[in-house]
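Welcome, and thank you for opening your viewer. Let's take a walk through this protein together, one selection at a time.

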Amino acid sequence: MSVRELVVLGTASQVPTRHRNHNGYLLRWDGEGILFDPGEGTQRQMLRAGVAAHDLHRICVTHFHGDHSLGLAGVIQRINLDRVPHEITAHFPRSGQRFYDRLRYSTAYRETVPLTEAPVDSDGVLASTKSYVLEAHKLSHPVESYGYRLVEPDGRRMLPERLASYGISGADVGRIQREGALGDVSLDDVSEVRRGQRFAFVMDTRLCDGVYALAEGCDMLVIESTFLDGDMQLAVDHGHLTAGQAGAVARDAGVRHLVLTHFSQRYSEPDEFERQARAAGFEGELTVAHDLLRVPVPKRR
């Protein structure tokens, strides 16, 4: 049975707090694990969340500020210590190659696992698998930053009542799926498009075209909401979003489940983030993330 869920490892921006670790997010997507923005302490948070190095298949770094990348050194060394047997690919802004290299080789260790590097330098498709297409879109932050988006290919949903009306049953159902037709009956006559799931990860950024491109039609949007709306100018100055802006993006993009995260240490009341996102008009599922939370990706429509 496939599992699609977000495991939240850390939710703090800039500095950790007593209750929030630096950033870290694992997306379980069927048999793969995609680790986003491993900040300092991610390796320990993985242990607490029951996430092993063997669960990782991709690492996606949005940008090279410390709260999003300082944990990369420990995660990479753990991958090598545990001798992960499968390929792991690392995506990160190409402009930050020197930071990636420093983190990867920051201390001495025995390198046993070859990591595949796939730097990002423009919008577009990064990888295609049977389960998803991974895309990147540029964001607006003081250092170069990219958000990531997974799109599952559309499939087909068979319609039992239409199959019955054409007298199709048993092995013939599989045959029409494989061949696209059975006599005068086409696959379109007895099925409909099943829209693939979509997931987006949007970290440090001002409002920009990339934010909307990533969020469009998502089943789950994980998005930073560093500031509350009363601190809008701080958000603009430092290249961040407010809770109200995140809610408005989700509203306009038709998001089904909004996950707010990356909170400034200046705030102690998380409920206000939800109130402001709701006030912006978002009516779907909404989660204010906390460390070690597991959030299922919504079931297909």
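Before the first stop, one term will help: two strands count as paired if DSSP finds at least two bridges between them. Keep in mind, too, that this is a predicted model.

**Stop 1: a central strand and its neighbours**

Select β9, residues 146-151. On one side, β9 pairs with β14 in the antiparallel sense, over four bridges. Strand β8 (residues 133-138) is also antiparallel to β9, and six bridges join these two. In general, strands of a sheet pair through backbone hydrogen bonds, either parallel or antiparallel.

Now pick out some individual partners. V133 has V151 in β9 as its bridge partner, and A136 stands opposite Y148 in β9. Looking towards β14, you will find that the bridge partner of Y148 is F201.

Is β9 buried or exposed? Six of its six residues are buried, so β9 is largely enclosed by the rest of the structure. Both of its faces are covered: Y146, Y148 and L150 are on one side, while G147, R149 and V151 are on the other.

**Stop 2: the whole sheet**

Widen your selection to take in the open sheet of seven strands, ordered β7-β8-β9-β14-β15-β16-β17. Its pairing is mixed. Colour β7 (124-128) and β17 (285-288) to mark the edges, since each of these strands pairs on one side only. From one strand to the next, the twist averages 15 degrees.

Next, add α11 to the view. This helix lies across β16 and β17, and it runs at about 150 degrees to β17.

**Stop 3: an enclosed helix**

Select helix α10, residues 243-253. How many of its 11 residues are buried? Nine are, so the helix is largely enclosed by the rest of the structure. The buried residues include A243, G244, Q245 and V249.

What do the buried residues of α10 pack against? Show α8 (209-215), β15 (220-224), α9 (232-238), β16 (257-261) and α11 (271-279), and you have the answer. Before leaving, click on G254, just after α10: it takes a positive phi of about 70 degrees.

**Stop 4: aromatic rings**

Show the aromatic side chains. A search of the whole structure finds nine aromatic pairs. One of them is F36 with F201, a stacked pair at 4.5 Å centre to centre with 25 degrees between the planes. Follow the chain between these two and you will travel 165 residues, from F36 in strand β3 (residues 32-36) to F201 in strand β14 (residues 198-202). Both F36 and F201 are buried.

For an edge-to-face pair, select F64 and F92, which sit 6.1 Å apart centre to centre with 70 degrees between the planes. F64 belongs to the loop between β4 (58-60) and α2 (66-69), and F92 to the loop between β5 (88-91) and α4 (97-104), 28 residues away along the chain. These two rings are buried as well.

Now return to F36 and F201 and add Y25, Y148 and F199: the five form one aromatic cluster. You have already met Y148, as the bridge partner of F201.

**Stop 5: salt bridges**

The final stop is about charged side chains. The structure has 19 salt bridges. Begin with E152 and R4, whose closest N and O atoms are 3.0 Å apart. E152 lies in the loop between β9 and β10 (155-158) and R4 in strand β1 (residues 4-10), so this salt bridge ties together parts that are 148 residues apart in sequence. E152 and R4 are both buried.

Stay in β1 and select E5, which meets R294 in a salt bridge of 2.7 Å, N to O. R294 is in strand β18 (residues 294-296), 289 residues from E5. E5 counts as buried because its relative accessibility is 15%, whereas R294, at 37%, counts as partly exposed.

Then move to D219 and R195, a salt bridge with its closest N and O atoms 3.7 Å apart. D219 is in the loop between α8 and β15 and R195 in the loop between β13 (191-194) and β14, so parts 24 residues apart in sequence are tied together. D219 is buried, at 1% relative accessibility, and R195 is partly exposed, at 24%.

To finish, select R4, D30, E152 and R300 together: salt bridges that share partners join them into one network.

Key
Residues are numbered from 1 along each chain as its sequence is written. This is a predicted model: local features need pLDDT of at least 70, side-chain atom pairs count only at pLDDT 80 or more; totals for chains, interfaces and linings use all residues. Side-chain values use heavy atoms; hydrogens and water are left out. Buried means under 20% relative accessible area, exposed over 50%, partly exposed in between (1.4 Å probe, protein chains only). Contact means heavy atoms within 4.5 Å. Rings of Phe, Tyr and Trp (its six-membered ring) pair if their centres lie within 6.5 Å; planes under 30 degrees apart count as stacked, over 60 as edge-to-face and the rest as tilted. Axes are lines fitted to C-alpha atoms, for helices over the stretch in contact, and angles run from 0 to 180 degrees between N-to-C directions. A salt bridge is a side-chain nitrogen of Lys or Arg within 4 Å of a carboxyl oxygen of Asp or Glu.
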